[in-house]
Amino acid sequence: MRGLPIEGDGGSKLLELIRRVGYSKPLDLLVGTVKKGFPDFEITLDKDGRTLDKDFFYVPRNLTRHKRVMTMRKCTDEYFGGEFPTNIRFASSNVNETMTPAGMGPHTHDITRVEMSDVQNEFEMVNVEVEYQDELREGDRVICIEMEEAMMFYILDVVKFYGD
């Protein structure tokens with residue numbers, strides 16, 4: 001199986017890589033609950049009830065507030081049977097205007113909301129900066145790996161349980 005590519009989400013890939021490399025130090029896969037959110041978060045581990053603060057955790061970027069640059073364009077999706085309505089919303093961007101038709105001089109507006117619903121025409125927005133705000137919140141359930149020797153934890157992701 002060593003010749004096959006590693007598949008799955010980030011957590012699955014990391015665990016398979018550790019198995020292949022033969023990491024011999026004790027690892028434990030744990031689930032916990034965020035008791036206090038960012039920035040000074042705390043997590044209580046299900047396994048033994050310990051509550052640990054941010055100093056014990058490595059947090060992946062996708063679980064922190066961060067900015068990324070992206071391109072947005074109208075798309076289709078075969079799963080939904082071809083084209084589907086595209087809804088885009090923006091919030092809080094400064095827009096500079098030159099002279100208005102009424103003769104008012106240059107000025108700036110702070111746009112609080114712009115919507116494009118059911119966009120039917122082609123569109124493309126290149127190099128759009130997006131700020132992700134998916135920080136750990138109180139009540140989130142997280143899955144993490146414990147590095148027992150170092151007493152450090154690597155949070156893999158926020159998880160949900162859909163069982164009974």
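The following paragraphs lead through a predicted model, from its overall make-up to its core, its aromatic rings, its salt bridges and two features of the backbone.

The protein chain contains one helix and 14 strands. Of its 164 residues, 23% are buried. The surface that the chain exposes amounts to about 12100 Å², and carbon and sulfur atoms supply 51% of that area. Among the contacts with a separation of 6 or more, 55% are made by residues 24 or more positions apart. Several of the individual pairs described below illustrate such links across the sequence.

The interior is a suitable place to begin. In soluble globular proteins, nonpolar side chains tend to be buried together. In this model the largest nonpolar core has 13 residues, and those with the most contacts inside it are Ile43, Leu45, Phe57, Leu136, Phe153 and Ile155. Two or more residues each are given to this core by strand 1, strand 2, strand 13 (141-147) and strand 14 (152-159). Ile43 offers a view of the surroundings from within. When its neighbours within four places in sequence are left aside, Ile43 is in contact with Gly32, Thr33, Val34 and Lys35, among others. Its contacts also include Arg50, Thr51 and Leu52, and further along the chain they include Leu136, Val142 and Ile155. Phe57 is another of the residues that Ile43 touches, and Phe57 is itself listed among the core residues with the most contacts.

Phe57 leads on to the aromatic rings. A pair of aromatic rings is described by the distance of the centres and the angle of the planes. The count for this structure comes to four aromatic pairs. One of them joins Phe38 and Phe41, which are stacked with 5.2 Å from centre to centre and 20° between the planes. The two partners differ in their exposure: Phe38 is partly exposed at a relative accessible area of 25%, whereas Phe41 is buried at 3%, because buried means under 20%. Tyr58 and Tyr154 form another stacked pair, with a centre-to-centre distance of 4.7 Å and an angle of 10° between the planes. This pair links distant parts of the chain, since Tyr58 lies in strand 4 and Tyr154 in strand 14, 96 residues apart. Both rings belong to partly exposed residues, with a relative accessible area of 43% for Tyr58 and 33% for Tyr154. Ring pairs also link Phe38, Phe41, Phe57 and Phe153 into a cluster. Of these, Phe57 and Phe153 are also named among the core residues with the most contacts.

Charged side chains provide another set of links. The whole structure holds eight salt bridges. In one of them, Arg65 meets Glu131 at an N to O distance of 3.7 Å. Arg65 is in the loop between strand 4 (57-58) and strand 5 (66-73), while Glu131 is in strand 12, so that the pair connects positions 66 residues apart. Arg65 is partly exposed at 43% relative accessibility, and Glu131 is partly exposed at 36%. Arg65 also forms a salt bridge with Glu135, with the closest N and O atoms 3.7 Å apart. Because Glu135 lies in the loop between strand 12 and strand 13, this pair ties together parts that are 70 residues apart in sequence. Glu135 is likewise partly exposed, with a relative accessible area of 22%.

A further salt bridge joins Lys67 to Glu129, whose closest N and O atoms are 3.8 Å apart. Here too the link spans distant parts of the chain: Lys67 is in strand 5 and Glu129 in strand 12, 62 residues apart. Lys67 and Glu129 are both exposed. Elsewhere, salt bridges that share partners join Asp48, Arg50 and Glu146 into one network. Arg50 has already appeared as one of the residues in contact with Ile43.

Two features of the backbone complete the account. The peptide bond from Phe38 to Pro39 is cis, with omega near 5°. Pro39 is placed in the loop between strand 1 (27-36) and strand 2 (42-45), and Phe38, on the other side of that bond, is a member of the stacked pair with Phe41. The second feature concerns Asn127, which has a positive phi of about 55° although it is not a glycine. Asn127 is found in strand 12 (residues 124-132), the strand that also contains Glu129 and Glu131. With a relative accessible area of 59%, Asn127 counts as exposed, because the cut-off for that class is over 50%.

Definitions and conventions. Residues are numbered from 1 along each chain as its sequence is written. This is a predicted model: local features need pLDDT of at least 70, side-chain atom pairs count only at pLDDT 80 or more; totals for chains, interfaces and linings use all residues. Side-chain values use heavy atoms; hydrogens and water are left out. Helices (H or I, at least four residues) and strands (E, at least two) are DSSP runs, numbered from the N terminus. Buried means under 20% relative accessible area, exposed over 50%, partly exposed in between (1.4 Å probe, protein chains only). A nonpolar core is a set of buried Ala, Val, Leu, Ile, Met, Phe, Trp, Tyr and Cys residues joined through side-chain atoms within 4.5 Å. Contact means heavy atoms within 4.5 Å. A salt bridge is a side-chain nitrogen of Lys or Arg within 4 Å of a carboxyl oxygen of Asp or Glu. Accessible areas come from the Shrake-Rupley method with a 1.4 Å probe; for residues, only the protein chains shown count as cover. Rings of Phe, Tyr and Trp (its six-membered ring) pair if their centres lie within 6.5 Å; planes under 30 degrees apart count as stacked, over 60 as edge-to-face and the rest as tilted.
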